[in-house]
Amino acid sequence: MVPINLIIKADNLVKRYNNLTAVDNISFYVKEGEMFGFLGPNGAGKTTTMKMIQCVSPKTSGKLEVFGMDVSTHQREIKKYMGVVPQENNLDPDFTVYENLRNYSRYFDISMEEAEKRIEELLNFVQLIDKKNSTTEYLSGGMKRRLVLARALLNNPRLIVLDEPTVGLDPQARHLIWEKLRALKKKGVTIVLTTHYLDEAEKLCDRLVVMDYGKIIVEGEPSQIIKDHIGTGVVEVDNYPELVECLQKSDSIYEVMGDIIVIYTNDPVHITNQLSMECSLDKMTTRKATLEDVFLKLTGRKLRD
Amino acid sequence: MPYIQYLQIPELNRRLLKVWLRNKDVFMKNVKLNFLPPFLEPILYLLAMGFGLGTFVDNIDGVSYAQFIAPALIAVSIMYASFFECTYGSYVRMYYQKTFDAIVATPLIIDDVIAGELFWGATRSTINALVMTPVILIFGLIDFKYAILIIPFAFLGGLLFACIGMCFTAITPNIMALNYPALLFITPMFLFSGTFFPLDVLPETLQYFALAFLPLTHIVRVIRTLAYGSLEPFIIVDVLWILIASVIFFILSMNLMKKRLII
Ligand SMILES: Nc1ncnc2c1ncn2[C@@H]1O[C@H](COP(=O)(O)OP(=O)(O)OP(=O)(O)O)[C@@H](O)[C@H]1O
Ligand SMILES: [Mg+2]
């Protein structure tokens, strides 16, 4: 049963740039209060999908509704309740930190007094209050990202769309952003994000999709996806031709990834025993299966451009 | 017809004022520096050309050379202010600063952004006229009577050049290519629009060409008439020409920009 309180609903959504199909007939939904992730290699179509949700890039065909409204006819209404963190920072270099927010709040018809109050709150929230009067050009990458997040929250959005919110940030800054996103989720804000950090997606997202070549190839809860595609554990061993032969005889599921072999399993102990007995192998690493394993298994190891 | 798409009537929403306000706020941050050129330029030009070069020139139509070029200086400044604001200025905001992208993530749409930019360009022209006219008045080169009308007229003339400039911004492949219209369109206009010598010394065909295709010609004619303290009826034709051209280029520039930015 699909619940009724859907914040985003996409049906057979397609986006073509001239001959290139960037988003190829995808369907998905995002429930209210959910943290929803888009993963996928470079060029998979994540940003293109975000831009259609943000009502700035018109869809080629299909259906896309945000807050129950059609993106092609209700842009202004939808954008009023949405916060956007774009892939590329677009802070206004002509303004200071404070002026950036002050100016942006005008676009949302927020009154002067109300804006002052919210700016103060938000700068505290993203820990930039000391930088209030700095020029944005002189902020570090992490500070810029936090300021963009603060800017996206000015209008108290019901939905925030973040395109790679933690790209290029150090672990401290990433953790801070995660913490802020969780705090927002607690307040009932619906969050949609894209990321290349699979640990991030695994930690944060209630549900996610993996896109590749414009299509959705997997959809579901992170833990369930891992279980379905990999199992609970992974055993990694060095790659020898004899070992491959030995593995072929057993019925284990494995993948050769350059100089290592990755074996997917629900029973790592059994596999390690089997390997050391039958294949006379003693150097093995056992670890928990992660989203990264699923990602690499499904999208392959080939580099995208 | 593919051309029809460039003539769709754009949406004009009051939210365009917010884009105008954004540009005004940036302008006000450097207000002193921004006011300097329109203040200084007419003084320098009048000293060098009006009173220097002018000593070698007989009266033109019964006025001194300084009096002849003073209104043209205002007209040229109107052209420069909005044309450059809506070419290089808008291009930098659109392409390098991604200001437009940031704005359209809010309840504003691209129509509001472009219209706001155009009206801001026209405002830059008006500000220049507002600074220059009193300076030239002090030199005693403008009749006081209709001088005040130059200011609102500067907005209209400025809007025309803002819209023309925005058309080039919409089709330019990069910022360097904006040098072409500046060099091939604006510079000849600066020289051949009845600015520094009367149009009627040109061959007749060139005169008609200037009147038909060089917008600055009409702006110079209107401001010169106002500056001489007369309200000749012929300026109705000039004002109409500017109005019609403004509407056409406004619609065209909005559609061209939407074509470029909505992808
Ligand atoms: N404006 C555009 N014009 C033409 N093609 C485009 C445009 N924007 C994106 N594309 C193409 O669409 C495809 C999807 O791009 P998109 O930016 O959505 O990928 P992405 O998943 O966000 O990638 P990344 O992880 O690198 O950000 C790519 O092949 C890209 O080259
Ligand atoms: Mg992207």
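Biologist: Quick one to start: in S13(A), which residue is the bridge partner of Val234(A)?

Modeller: That would be Tyr264(A). Bear in mind that this is a predicted model. The pair belongs to a ladder of 6 bridges between strand S11 (residues 233-238) and strand S13 (residues 260-265) of chain A, and these two strands run antiparallel.

Biologist: Okay, and what is the strand order in the open sheet of 4 strands?

Modeller: Reading across, the order is S12-S13-S11-S14 in chain A, with antiparallel pairing. Strand S12 (253-257) and strand S14 (284-288) of chain A each have a single partner strand, so one side of each is left without a neighbour in the sheet. On average, neighbouring strands here are turned by 25 degrees against each other, direction ignored.

Biologist: Which helix lies across S11, S13 and S14 of chain A?

Modeller: Helix H10 of chain A, residues 268-278, does that. H10 runs at about 25 degrees to S11(A).

Biologist: How is chain A divided into domains?

Modeller: Domain 1 covers 6-226, and domain 2 covers 231-288. The C-alpha centres of these two domains of chain A lie 40 Å apart.

Biologist: Let's hop to the 6 strands that form the other open sheet. What is their order in chain A?

Modeller: The order is S6-S7-S8-S3-S9-S10, and the pairing is mixed.

Biologist: Why is one side of S6 and of S10 of chain A left without a neighbour in the sheet?

Modeller: Because strand S6 (82-85) and strand S10 (215-220) of chain A stand at the edges, each with a single partner strand. The average turn between neighbouring strands of this sheet is 15 degrees, direction ignored.

Biologist: In what sense do S7 and S8 of chain A pair, parallel or antiparallel?

Modeller: Parallel, over 5 bridges, with strand S7 at residues 159-163 and strand S8 at residues 190-194 of chain A. Within that pairing, Asp163(A) stands opposite Thr194(A) in S8(A). Helix H6 of chain A, residues 171-186, lies across strand S3 (35-39), S7 and S8, and its angle to S8(A) is about 150 degrees.

Biologist: Now S1(A). How many residues lie between S1(A) and S2(A) in their hairpin?

Modeller: There are 2, and Asn18(A) in the turn has a positive phi of about 50 degrees. S1(A) is joined to strand S2 (residues 20-31) of chain A by 9 bridges, running antiparallel. Val14(A) stands opposite Asp24(A) in S2(A).

Biologist: And how many bridges join S1(A) to S4 of chain A?

Modeller: That count is 5, again with antiparallel strands, S4 being residues 61-66 of chain A. Asp11(A) has Lys63(A) as its bridge partner in S4(A).

Biologist: Switching to the interface. What area is buried between chain A and chain B?

Modeller: About 2,300 Å², and carbon and sulfur atoms give 52% of that. On the chain A side, Arg76(A), Arg106(A) and Tyr107(A) lose the most area to chain B, together 34% of what that side buries. The contact takes 26 residues from chain A and 26 residues from chain B.

Biologist: How many salt bridges are there between chain A and chain B?

Modeller: The count is 9. One of the pairs linking the two chains is Lys18(B) with Asp109(A), whose closest N and O atoms are 2.7 Å apart. For polar contacts across the interface, there are 17 residue pairs, both residues being at pLDDT 80 or more.

Biologist: Which element gives the most to the side of chain A that touches chain B?

Modeller: H3(A) does, with 5 residues. Strand S1 (6-17), helix H2 (75-80) and helix H3 (97-107) of chain A each supply at least two residues of that side.

Biologist: Which residue of chain B forms a salt bridge with Glu99(A)?

Modeller: Lys29(B), and the closest N and O atoms of the pair are 2.7 Å apart. Glu99(A) lies in helix H3 of chain A and Lys29(B) in helix H1 of chain B, so the pair joins two chains. Over all chains, the salt bridge count comes to 31.

Biologist: Last one: where in chain B does Tyr6(B) lie?

Modeller: Tyr6(B) lies in the segment before helix H1 (16-29) of chain B. Leaving out residues up to four places away in sequence, Tyr6(B) touches Ile251(B), Leu252(B), Asn255(B), Leu256(B) and Lys259(B). Tyr6(B) and Thr55(B), by C-alpha distance, are 50 Å apart in space, and 49 residues apart in sequence.

Terms used
Residues numbered from 1 in each chain as written. Chains lettered and ligands numbered in written order. Predicted model: local features only at pLDDT ≥ 70, side-chain atom pairs only at ≥ 80, totals over all residues. Heavy atoms only, no water. Pairing = 2+ DSSP bridges. Axes fitted to C-alpha atoms, helices over the stretch in contact; angles between N-to-C directions. Contact = heavy atoms within 4.5 Å. Domains from an automatic or database assignment. Buried area = accessible area lost by both parts, 1.4 Å probe. Salt bridge = Lys/Arg side-chain N within 4 Å of Asp/Glu carboxyl O. Polar contact = N/O pair within 3.5 Å; in protein donor to acceptor, adjacent residues only side chain to side chain.
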